[in-house]
Amino acid sequence: MIVDIINKKRLGEELSFVELRDFFEGYLDGKIADYQMSSLLMAICINGLTDEEVYALTKIFIDSGDVLNYKLNGPIVDKHSTGGIGDKTTLIVAPIVAACGVNVIKMSGRGLGYTGGTIDKLESIPGFRVDLSEKEILKQAKDIGIVVSSQTANLVPMDKMIYALRDVTGTVSSIGLIASSIMSKKIASGADSIVIDLKVGNGALISNMKDANKLKELMIEIGKIYNKEVSVIISDMNTPLGYNIGNALEVQEAMDVLRGREENTHLVEVCYDLASEMISLGKKISKKEALIEVKNSIDSGLAYGKFLDFVKSQGGNINKLKVSKKTKNIRAYKSGKITKIDALEFGKLSVKLGAGRTKLDDKIDYGVGIKLNKQLGDSVKRGELLATLYINKDMRIKSVKELIEIN
Ligand code: URA
């Protein structure tokens, strides 16, 4: 029976709801071994899933745990990013949206591999608590309209097990598996509407527009099945997002954006786009009207105030946020225009510095990272500062040319 199902997928055939349910529930119950699940996952990666199989798998995932249902005054809108280098959008977008009167209750994850995770970034703030109970989440949502916590224990437990296995068996990059993994968690989290920030590029899970469009279509269809409005915004991840990469450094940059100190960068553009989409869905107003509210929330200081309330409410002391004192500068090897800031190479470098983990139990160094001094398209003179590394150990950089191209 178990081997029949694996063979069926190996031959590229469609599995029924019952076959998928028996297999995945069997794995959760410990009746199916890791090597058997790995084998099915690899067959799925090679032969794909039909849309019907993706919908079936999403339901099986959701049914494996609790489905949250918060009752609040006002709409709840969730946001999810498929992950990238320097992606601190949640830290900026959630306070803006909450300051505009739309509740944000968000369950986030830790970083693994080259992409960072919001929970690690928040934990770089001394005292910040990410493990809130459902009761605490509800209270904080009612008090200030914004909560970002790690996933509660029983939220799609099947995804937790399967994702950990996918991560170590080279089976992450299946469009169908990604769609069910993300959407099962978003639907179980109980928001009314969901905005997905789908990153495409060499520093992201999805590297081409064909796969991005298919994933977008699947996630919107899944939303319809569960009566959730889903909006997907596709954004570039060939270049790191913003100037800073690394946990405490990214919190600092998020605060700069919220205080209006960083303007007209790709990071600000993406954040304003995501925040206006969320507000537009939540308040049922046009995106143009929502964008005016976004800008007002920055200019009035309300969004930054909301960020401070949120950090304080979850126990964090922002005044104790620290970045490493030891630094190393990278300078331009020639004069010209910056034509590439390689997201993947910067992701690898940040992990090497200690800002990320390659294994689940690796310890993160919150104070290390990279601060870029230039953005794509900027002109530089030979010897000018390109970036500063915040380090805790002596480091040799392979080649600056691999990180930043000047032409
Ligand atoms: N993020 C998720 O939550 N799941 C995936 O499968 C990929 C990215």
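Q: Why is the approach of a polar side-chain atom of Lys185 to an oxygen atom of the ligand called a polar contact?
A: In this predicted model, the side-chain atom of Lys185 lies 2.4 Å from the ligand oxygen. A polar contact is a pair of N or O atoms within 3.5 Å (within protein, one must be able to donate a hydrogen and the other to accept it, and residues adjacent in sequence count only if both atoms are side-chain atoms). The distance for Lys185 therefore meets the definition. Arg166, at 2.9 Å from an oxygen atom of the ligand, and Ser181, at 2.6 Å from a nitrogen atom of the ligand, also have a polar side-chain atom in such a contact.

Q: Which residues surround the ligand?
A: They are Tyr163, Arg166, Ile178, Ser181, Ile182, Lys185 and Leu205, a residue being counted if one of its heavy atoms lies within 4 Å. Four of the shell residues are nonpolar, one is polar and two are charged. Helix α9 gives the most to this shell, with four residues.

Q: What conventions underlie these values?
A: Residues are numbered from 1 along each chain as its sequence is written, and side-chain values use heavy atoms, with hydrogens and water left out. As the model is predicted, local features need pLDDT of at least 70 and side-chain atom pairs count only at pLDDT 80 or more, whereas totals for chains, interfaces and linings use all residues.

Q: Why is Lys106 said to have no salt bridge?
A: The nearest side chain of opposite charge, that of Asp78, is 4.5 Å from Lys106. A salt bridge requires a side-chain nitrogen of Lys or Arg within 4 Å of a carboxyl oxygen of Asp or Glu, so the pair does not qualify. Lys106, in strand β2 (residues 104–108), is nevertheless buried. Its side chain reaches the backbone oxygen of Lys79 at 2.9 Å and makes a polar contact of 3.4 Å with the side chain of Ser108.

Q: What makes Glu19 and Lys8 a salt bridge?
A: Their side chains meet at 3.0 Å, N to O, and this distance therefore satisfies the cut-off. The pair links distant parts of the chain, with Glu19 in helix α2 (residues 17–28) and Lys8 in helix α1 (residues 2–10), eleven residues apart.

Q: Why is Glu19 called buried, and why is Lys8 called partly exposed?
A: Buried means under 20% relative accessible area, exposed over 50%, and partly exposed in between (1.4 Å probe, protein chains only). Glu19 has 17% relative accessibility and is therefore buried. Lys8 has 24% and is therefore partly exposed.

Q: How do you know that Asp120 forms a salt bridge with Arg357?
A: The closest N and O atoms of Asp120 and Arg357 are 3.0 Å apart, so the pair fits the definition. Asp120 lies in helix α6 (residues 118–123) and Arg357 in the loop between α15 (343–353) and β9 (369–372), so the pair ties together parts 237 residues apart in sequence. Asp120, at 1% relative accessibility, counts as buried, as does Arg357 at 7%.

Q: Why does the pair of Arg21 and Asp22 count as a salt bridge?
A: The closest N and O atoms of Arg21 and Asp22 are 3.7 Å apart, so the criterion is met. Arg21, at 28% relative accessibility, counts as partly exposed, and Asp22 is partly exposed at 33%. The structure holds 24 salt bridges.

Q: Why is Gln252 called partly exposed?
A: Gln252, in helix α11 (residues 247–258), has 27% relative accessibility and therefore counts as partly exposed.

Notes. Helices (H or I, at least four residues) and strands (E, at least two) are DSSP runs, numbered from the N terminus. Ala, Val, Leu, Ile, Met, Phe, Trp, Tyr, Cys and Pro count as nonpolar, Asp, Glu, Lys and Arg as charged, and the others, Gly among them, as polar. Lys and Arg count as positive and Asp and Glu as negative; His and the chain ends are not counted.
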